[in-house]
Amino acid sequence: MPSDHQPPGPGLPPDLPGPPPCHEGTLIVGASQAGLQLAVALRQAGDTSPLLLVGEEPYAPYQRPPLSKEYLAGELAPEALAFRTPAFYAEQGIELLTGERVTSVGLSGGRGTAHTATGRTLGFARLALTVGAAPRRLDVPGTGLDGVLTLRDRDDAARLRERLADARRVVIVGGGFIGLETAAAARARDKDVTVVEAGPRLMGRAVAPAVSAAYRAAHERRGTRVLLSTAV
Ligand SMILES: Cc1cc2nc3c(=O)[nH]c(=O)nc-3n(C[C@H](O)[C@H](O)[C@H](O)COP(=O)(O)OP(=O)(O)OC[C@H]3O[C@@H](n4cnc5c(N)ncnc54)[C@H](O)[C@@H]3O)c2cc1C
């Protein structure tokens, strides 16, 4: 990222109306669990300065854990995923800007400035980056084909839920928590499910071997095929 304030370059849209520049406040980039919790913690600690939480996704901060559980199973409405109600943000004086990707941050004349992909300019006195993680993509031929999906955000889960309805056979690459939860959701819908795991056991980076073995047995009992030490 550039270290100095740069005006939008050629081809970029002009500055859009948006939150007023808040050079005395905190700009939090990444509107999910960490970003929201930071904003709440600052308020709880007595910080009364402006707080702007900006996120790339089009939604207010929401819980990801249900995406591979109740939401994927169709038991939860999207609105129920939200961490907080709109009223909460208003009460706490936390300004929320969604659907905005921050593309650069910098300092100019001792003032912090960030730019977004749509051309907004946001000022800050303090900056927090709570930009989370993204799933690793498989670098193999065919990953761009129709029907190859990734699960990370709310839109991914909605797509997966929709495609699961008509799928007959489901192959899950990755035998970690999210892969196994997805396998369970697919088996509950009576799909033919295979989990492909490159390592020698399930959830190998998170749990002890005995726990891996117990989970493998539990999934196999429910009809999921588990392939270990198998790379796609
Ligand atoms: C399907 C699924 C199930 C899970 N289940 C569990 C569970 O059961 N238990 C558990 O403990 N954990 C679970 N997790 C993990 C948990 O959800 C994460 O640990 C948590 O979301 C991390 O929060 P975060 O705010 O650090 O990052 P993230 O949730 O990744 O949020 C980062 C945000 O920053 C935004 N962002 C990134 N770059 C920019 C930018 N330049 N400009 C603006 N915005 C940007 C992203 O769009 C994203 O919304 C699960 C995760 C998934 C995906």
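## A parallel sheet of three strands

Which order do the strands have in the open sheet with parallel pairing? The order is β8-β9-β10, so to speak a three-strand affair. Keep in mind that we're looking at a predicted model here. The edge strands are β8, at 169-173, and β10, at 225-227, and each of them pairs on one side only. From one strand to the next, the twist averages 15°.

Zooming in on one pairing, strand β9 (residues 192-196) runs parallel to β10, and three bridges join them. If you want a spot to click on, try Val-195: its bridge partner in β10 is Val-226.

## An antiparallel sheet of three strands

There's also an open sheet with antiparallel pairing, and its three strands come in the order β4-β5-β6. Here β4 (102-108) and β6 (121-124) sit at the edges, each pairing on one side only. The twist in this sheet averages 25° from one strand to the next.

How many bridges join β4 to β5? Six, with β5 covering residues 111-116 and the two strands running antiparallel. Within that pairing, Val-105 stands opposite Ala-114 in β5.

## Helix α5 and its two sides

Helix α5 takes in residues 209-221, which makes 13 residues. At 1.5 Å a residue it should span 18 Å, and its end C-alpha atoms are indeed 18 Å apart, so the expected and modelled spans agree.

Which residues of α5 are buried? Ser-212, Ala-218 and His-219 are. Look down the axis of α5 and its buried residues fall within an arc of 130°, which means they line one face of the helix. As a general point, an α-helix has 3.6 residues a turn, so residues three or four places apart point the same way.

On the other side of α5, Pro-209, Ala-210 and Arg-221 are exposed. As for the buried residues of α5, what covers them includes α4 (177-188). Just after α5 comes Gly-223, with a positive phi of about 100°.

## Two domains and their contact

Stepping back to the whole protein chain, it's divided into domain 1, at 26-129, and domain 2, at 154-227. Their C-alpha centres lie 31 Å apart. How many residues does each domain bring to the contact? Domain 1 gives 13 residues and domain 2 gives 12 residues.

Key. Residues numbered from 1 in each chain as written. Predicted model: local features only at pLDDT ≥ 70, side-chain atom pairs only at ≥ 80, totals over all residues. Heavy atoms only, no water. Pairing = 2+ DSSP bridges. Helix = DSSP H or I, 4+ residues; strand = E, 2+ residues; numbered from the N terminus. Axes fitted to C-alpha atoms, helices over the stretch in contact; angles between N-to-C directions. Expected span 1.5 Å × (residues − 1). Buried < 20%, exposed > 50% of the residue type's maximum accessible area, 1.4 Å probe, protein only. Arc of directions from axis to C-beta. Contact = heavy atoms within 4.5 Å. Domains from an automatic or database assignment.
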